[in-house]
Amino acid sequence: MENRAKEIVATAKSIIENEYPHLESIEILAEQLDIGKYHLIRVFKKETGYTPNEYLIQIRLLSAKYMLAKSDYSLDTIAGLSGFSCGNYLCKVFKKHNNMTPLDFREIYKDKEIDFNEEFIKDDMFLI
């Protein structure tokens, strides 16, 4: 059973990381894995310490941070490309998780060398 749980989580993470801009819900993710939504949430949380939705939000925020630092896209464009419904919702979620607005982040990090590798993800992840 433990190997199955690890397999479910690894597959779920891979789907989230590859489909985050268009992944509409955790229900759809569970359907893709052919398991129940609540089973997915339970297994994911037990294996990782966070829910699939928390992981999805953090991947979307990481994508938004990258575009804020590396592009001149509008907030609405970044929101759409990152999987958020609109710029206002991106602002709300971004501020909740980062204690600054997306525009403040852009002002600080625009054109700076930021290492968006796995270490950056770990350091920045789950400030929930």
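This section describes the helical arrangement, the nonpolar cores and selected individual residues of a predicted model.

The chain contains eight helices and zero strands, and its elements follow one another along the sequence in the pattern α-α-α-α-α-α-α-α. Of the 128 residues in the chain, 42% are buried. The accessible surface amounts to about 7,700 Å², and carbon and sulfur atoms contribute 49% of that area. Among contacts with a sequence separation of 6 or more, 61% join residues that are 24 or more positions apart.

Helix α3 (residues 37-48) takes part in two of the helix pairs examined, one with α1 and one with α2. The axes of helix α1 (residues 2-19) and helix α3 come within 9 Å and cross at roughly 100°. Because angles of 65 to 115 degrees count as roughly perpendicular, α1 is assigned as roughly perpendicular to α3. On the α1 side, this contact is formed by Ala5, Lys6, Ile8, Val9, Ala12 and Lys13, while α3 contributes His39, Leu40, Val43, Phe44, Glu47 and Thr48. Classified by residue type, the contact of α1 with α3 comprises seven nonpolar, two polar and three charged residues.

Helix α2 (residues 26-33) packs against α3 at an angle of about 90°, and the two axes are 8 Å apart. This angle makes α2 roughly perpendicular to α3. Ile26, Glu27, Leu29, Ala30 and Leu33 of α2 meet Lys37, Leu40 and Ile41 of α3 in this contact. Six of the residues in the contact of α2 with α3 are nonpolar and two are charged, with no polar residues.

The largest nonpolar core consists of 20 residues, and those with the most contacts inside it are Ile16, Leu29, Leu33, Leu40 and Phe44. Two or more residues of this core are supplied by each of α1, α2, α3 and α4 (52-70). Helix α1 provides the largest share, namely six residues. A further core, of 14 residues, lies apart from the largest one and includes Ile57, Met67, Leu68 and Ala79.

Leucine 40 appears in the contact of α3 with α1 and in the contact of α3 with α2. When residues up to four places away in sequence are not counted, leucine 40 touches Ile8, Ala12, Ile26, Leu29, Ala30, Leu33, Ile35 and Pro52. Of these neighbours, Ile8 and Ala12 are among the α1 residues that make the contact with α3, whereas Ile26, Leu29, Ala30 and Leu33 are among the α2 residues that do so.

Glutamate 19 is located in helix α1. With a relative accessibility of 32%, glutamate 19 is classed as partly exposed. The C-alpha atom of glutamate 19 is separated by 9.6 Å from that of leucine 56, although the two residues are 37 positions apart along the chain.

Two loop residues were examined for their backbone conformation. Most residues other than glycine have a negative phi. Aspartate 34, which is not a glycine, nevertheless has a positive phi of about 60°. Aspartate 34 lies in the loop between α2 and α3 and counts as exposed because its relative accessibility is 70%. Asparagine 99 likewise is not a glycine and has a positive phi, of about 55°. The position of asparagine 99 is in the loop between α6 (87-98) and α7 (102-109). With a relative accessible area of 70%, asparagine 99 is exposed.

How values were computed
Residues numbered from 1 in each chain as written. Predicted model: local features only at pLDDT ≥ 70, side-chain atom pairs only at ≥ 80, totals over all residues. Heavy atoms only, no water. Axes fitted to C-alpha atoms, helices over the stretch in contact; angles between N-to-C directions. Helix = DSSP H or I, 4+ residues; strand = E, 2+ residues; numbered from the N terminus. Parallel < 35°, antiparallel > 145°, perpendicular 65-115°, else oblique. Contact = heavy atoms within 4.5 Å. Nonpolar A, V, L, I, M, F, W, Y, C, P; charged D, E, K, R; others polar. Buried < 20%, exposed > 50% of the residue type's maximum accessible area, 1.4 Å probe, protein only. Areas by Shrake-Rupley, 256 points an atom, 1.4 Å probe, with all protein chains shown as cover. Core = buried A, V, L, I, M, F, W, Y, C linked by side-chain atoms within 4.5 Å.
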